[in-house]
Amino acid sequence: VMKHFGLKNMTSLKWLRIFVLARFFNRMIPQGGNIFRAWTLKKEHTFSLKDYTLSFLSFSWIDLTVIFFLIFFIVYLFQPGLKIGRFGVLWISIVAVILLVAAPWLILLISRKVGRFEKITTAMERTLDVKFLLTNLLFCLLYFLLTLLWFYLGFRSIGINLDIGTLSVFTVVLRIGFIVNITPGNIGVIELAYGILASSFGVN
């Protein structure tokens with residue numbers, strides 16, 4: 001995604017170093033990894049903070065759109081009656097997909113009309129590039145399936161069998177947790193979210 005947004009002279013090994021250190025710092029300081037990554041890319045690769053932010057938003061948007069669409073698809077097929085409290089997961093996912101799909105087109109339309117946000121207009125156009133989208137869709141799908149398998153094995157290891165729709169909701173919470181850090185490593189936040197979900201789904 002960052003290369004698509006103008007990052008140059010980045011090798012796999014250099015990126016691995018930045019990625020690992022950023023993940024470590026996110027565990028220690030809220031948003032510490034994101035700050036480290038942005039600062040390192042700006043200093044070592046002249047990748048501006050604005051381009052970093054736009055690429056991060058682009059990746060997050062694609063990731064969340066794919067996840068909520070998959071949740072809608074899975075819940076619709078396997079657990080249409082699944083609820084979190086009084087709210088149906090099916091309807092939550094439908095609303096989320098509609099808002100996420102509409103957002104970049106709306107931003108693009110406004111920025112073109114106003115004519116003052118050239119960087120945002122360019123970012124939206126890059127994000128909506130068909131080849132770029134399809135490549136990211138495949139990666140997001142693969143990651144979603146791996147995370148789903150991870151949760152399935154985790155619950156099975158303590159003797160709990162959950163349906164695929166329920167597991168997919170746990171998956172989206174984990175993905176949002178990677179994007180937004182409130183506490184170091186989101187310790188406490190993720191556990192609280194899992195506890196609320198488990199209670200809603202009738203899991204001890």
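The exercises below, each with a worked solution, explore a predicted model of one protein chain.

**Exercise 1. Describe the order of the secondary-structure elements and the overall dimensions of the chain.**

Solution. Begin with the inventory, which lists eight helices and two strands. Read from the N terminus on, these elements follow the order α-α-α-β-β-α-α-α-α-α. Next, turn to the dimensions: along its principal axes, the C-alpha trace spans about 50 × 40 × 25 Å. A compact globule with 204 residues would have a radius of gyration near 17 Å, and the chain, with 19 Å, agrees with that expectation. Finally, consider how the chain is covered and connected: buried residues account for 41% of the 204 residues, and among contacts between residues at least 6 apart in sequence, 63% join residues at least 24 apart.

**Exercise 2. Work out what span the 28 residues of helix 6 should have, and find which helices its buried residues pack against.**

Solution. Start from the rise of 1.5 Å a residue, by which helix 6 (residues 130-157) should span 40 Å. The end C-alpha atoms of helix 6 are 40 Å apart, so the expectation and the model agree. Then look for the buried positions in helix 6, which are F132, L133, N136, C140, F144, T147, L148, F151 and F155. These buried residues pack against helix 3 (49-78), helix 5 (118-127), helix 7 (164-179) and helix 8 (189-200). Just after helix 6, the chain reaches G159, which takes a positive phi of about 80 degrees.

**Exercise 3. For each salt bridge found in the whole structure, decide whether its partners are buried or partly exposed.**

Solution. A search of the whole structure finds two salt bridges. In one of them, the side chains of E44 and R17 meet at 2.9 Å, N to O. This pair links distant parts of the chain, with E44 in helix 2 (residues 32-45) and R17 in helix 1 (residues 12-28), 27 residues apart. E44 has a relative accessible area of 44% and is therefore partly exposed, while R17, at 38% relative accessibility, also counts as partly exposed.

In the other salt bridge, D63 pairs with R175, and the closest N and O atoms are 2.7 Å apart. Here too the pair links distant parts of the chain, as D63 lies in helix 3 and R175 in helix 7, 112 residues apart. The relative accessible area is 2% for D63, which is therefore buried, and 8% for R175, which is buried as well.

**Exercise 4. Find which residues make the nonpolar surface patch, and determine whether Y76 is buried or exposed.**

Solution. The patch, of about 640 Å², is made by F69, F73, Y76, L77, F78 and I164. Helix 3 gives the most to this patch, with five residues. Y76 is found in helix 3, and since its relative accessible area is 52%, above the 50% cut-off, Y76 is exposed.

**Exercise 5. Establish whether S93 and G88 are buried or exposed, and name the residues that each one touches.**

Solution. Take S93 in helix 4 (residues 89-114) to begin with. Its relative accessible area is 1%, so S93 is buried. Leaving aside neighbours within four places in sequence, S93 is in contact with F68, I71 and F72. Now take G88, which is found in strand 2 (residues 87-88). At 19% relative accessibility, G88 falls under the 20% cut-off and so counts as buried. Not counting residues up to four places away in sequence, G88 touches L82 and K83.

Terms used: Residues numbered from 1 in each chain as written. Predicted model: local features only at pLDDT ≥ 70, side-chain atom pairs only at ≥ 80, totals over all residues. Heavy atoms only, no water. Helix = DSSP H or I, 4+ residues; strand = E, 2+ residues; numbered from the N terminus. Expected span 1.5 Å × (residues − 1). Buried < 20%, exposed > 50% of the residue type's maximum accessible area, 1.4 Å probe, protein only. Contact = heavy atoms within 4.5 Å. Patch = residues over 30% accessible without salt bridge, like charges linked within 9 Å, V, L, I, M, F, W, Y side chains within 5 Å. Areas by Shrake-Rupley, 256 points an atom, 1.4 Å probe, with all protein chains shown as cover. Salt bridge = Lys/Arg side-chain N within 4 Å of Asp/Glu carboxyl O. Rg over C-alpha atoms; globule rule 2.2 N^0.38 Å.
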